[in-house]
Number of protein chains: 2
Amino acid sequence: MSISMYQASVPVFARALGNLSGILKKAAAHAEKNKIDPSVLLAARLYPNMFPLSRQIQIATDLANGGGARLAGLERPTHEDTETSFEQMQTRIERTLKFLQSIQPDQIDGSEEKAIALTIGGNELQFTGQTYLFHFVVPNLFFHSATAYAILRHNGVELGKPDFIGGV
Amino acid sequence: MSISMYQASVPVFARALGNLSGILKKAAAHAEKNKIDPSVLLAARLYPNMFPLSRQIQIATDLANGGGARLAGLERPTHEDTETSFEQMQTRIERTLKFLQSIQPDQIDGSEEKAIALTIGGNELQFTGQTYLFHFVVPNLFFHSATAYAILRHNGVELGKPDFIGGV
C-alpha cells in the first residue's frame, strides 16, 4: 500500500482553500454586521512589515495553483493581484479550485522525483516533487492561510479552529 | 513510484518543530536584548479568547507526538504542560524530536487505511491513517506553529518566512 502524490497534494490544497473561502465569508458577514468597511479588513496586518490579509489570500491561491501546475507539468493560471473586495477574493479562490479540479490524478502521480526549480528572492531552489510538496508548498500554503485566519481573529471576527481545519 | 506514509509524516513534523525551535531561540534572544520578561511573550495572544504562545507550542508538539504515535501504533509521550520558560519549551521540543527519531519507517509505512478515532470536544472523529495525516495532523501542526510565529511577529520579534519554512 502507498499513497499517491495526487492524494497528498490536490485534495489537501482544495480543502485548505475551501476552508479559507468559508473563513472569508464569515469575515465579510462580520464586516457588514458591524459596519466595517471590508477594505479595512483586507488591508489589516499583524505588524507593519507583514503582508496584509489581501496578500495572504493571493499567495495562498498562488501556492495551490503553482503547486498543482508544477507537479502536473501544466501552465499555471495567473491572476493580476488587483482584488479589492471579498467577492473578488472568492472569485480568485473559485478559479483556483476549478483549476485544481481540472487536474487528473495521473497527471501528478509519479512526480515524486521530478526535478522542480524555483527562483525566490534571487535564489534558485532545487527540489524533487516530493520535497517541493511536503517541505515547500504545504507548509507555505498553511502558513498563509493560518496568517489570514490570525489577522481576522485579531480583528474580532468570530472564527474557531474547525473553520480552518474543516469537517472530517 | 509512490510515497510512503513515513516520508509524508515524521520528516514533515520534525522539520516543522525544528523550525519552531529556531523561531523560539530568536524570540528568547529578542527578549533578552530588549529587556522583555520572556513570560510576557509566552503569555502573548492575538485576541483575548485565543491561546497564548505557550499553548500554541504545547499543542504543536502534542500533534507531532500524537501523529507519530497513532500512525505507528506506539504509546505517545506525555507532557505535563507546565513549561514557563523558553528553555523548558526547547526541552519539550527536543523530547518530541527524540521520540520522532525513534520511530522506524516500517512502523508507519502501510498505515494509509488504518482506522484512527479521536475524541475532540466530545465529538468522536473517525479517520483513516491517510485522512488523519493529511487533513488533521498536518494542517493543525502548521496552524499552531504559524500562530506561534504570528504572535511573535506581532510582538516585534524579527523573523522572516525562511525561519518558518526552513532550508531546502
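Across the interface of chain A and chain B in this predicted model, the salt-bridge rule returns zero pairs. Polar contacts are nevertheless present, with a count of nine residue pairs between chain A and chain B, both residues of each pair being at pLDDT 80 or more.

On the side of chain A that touches chain B, the elements that give two or more residues are helix H1 (5–33), strand E2 (123–128), helix H6 (129–154) and helix H7 (161–165) of chain A. The largest share of that side comes from H6(A), with 14 residues. By residue class, the side of chain A that touches chain B divides into 22 nonpolar, twelve polar and five charged residues.

The contact takes 39 residues from chain A and 39 residues from chain B, and the area buried between the two chains is about 3,800 Å², with carbon and sulfur atoms giving 70% of that area. Ile3(A), His135(A) and Phe143(A) together supply 18% of the area that chain A buries against chain B, which is more than any other three residues supply.

Aromatic rings form a further part of the picture, since the structure holds 16 aromatic pairs over all chains. Two of these pairs are set out below.

| Ring pair | Centre distance | Angle between planes | Class |
|---|---|---|---|
| Phe134(A) and Phe134(B) | 6.4 Å | 15° | stacked |
| Tyr149(B) and Phe164(B) | 6.1 Å | 80° | edge-to-face |

Phe134(A) lies in helix H6 of chain A and Phe134(B) in helix H6 (residues 129–154) of chain B, so this pair joins two chains; Phe134(A) and Phe134(B) are both buried. The pair of Tyr149(B) and Phe164(B), by contrast, links distant parts of one chain, with Tyr149(B) in helix H6 of chain B and Phe164(B) in helix H7 (residues 161–165) of chain B, 15 residues apart. Tyr149(B) and Phe164(B) are likewise buried. Ring pairs also link Phe142(A), Phe143(A), Tyr149(A), Phe164(A), Phe142(B), Phe143(B), Tyr149(B) and Phe164(B) into a cluster. Phe143(A), a member of this cluster, is also one of the three residues named above for their share of the area that chain A buries.

A serine can be followed in each chain. Ser54(A) is placed in helix H3 (residues 53–72) of chain A, and because its relative accessibility is 17%, under the 20% cut-off, Ser54(A) counts as buried. Leaving aside neighbours within four places in sequence, Ser54(A) is in contact with Leu42(A) and Met89(A). In chain B, Ser54(B) lies in helix H3 (residues 53–72) and is buried, with a relative accessible area of 17%; Ser54(B) touches Leu42(B) and Met89(B), residues up to four places away in sequence not being counted.

How values were computed
Residues numbered from 1 in each chain as written. Chains lettered and ligands numbered in written order. Predicted model: local features only at pLDDT ≥ 70, side-chain atom pairs only at ≥ 80, totals over all residues. Heavy atoms only, no water. Helix = DSSP H or I, 4+ residues; strand = E, 2+ residues; numbered from the N terminus. Buried < 20%, exposed > 50% of the residue type's maximum accessible area, 1.4 Å probe, protein only. Contact = heavy atoms within 4.5 Å. Buried area = accessible area lost by both parts, 1.4 Å probe. Salt bridge = Lys/Arg side-chain N within 4 Å of Asp/Glu carboxyl O. Polar contact = N/O pair within 3.5 Å; in protein donor to acceptor, adjacent residues only side chain to side chain. Nonpolar A, V, L, I, M, F, W, Y, C, P; charged D, E, K, R; others polar. Phe/Tyr/Trp six-rings, centres within 6.5 Å; stacked < 30°, edge-to-face > 60°.
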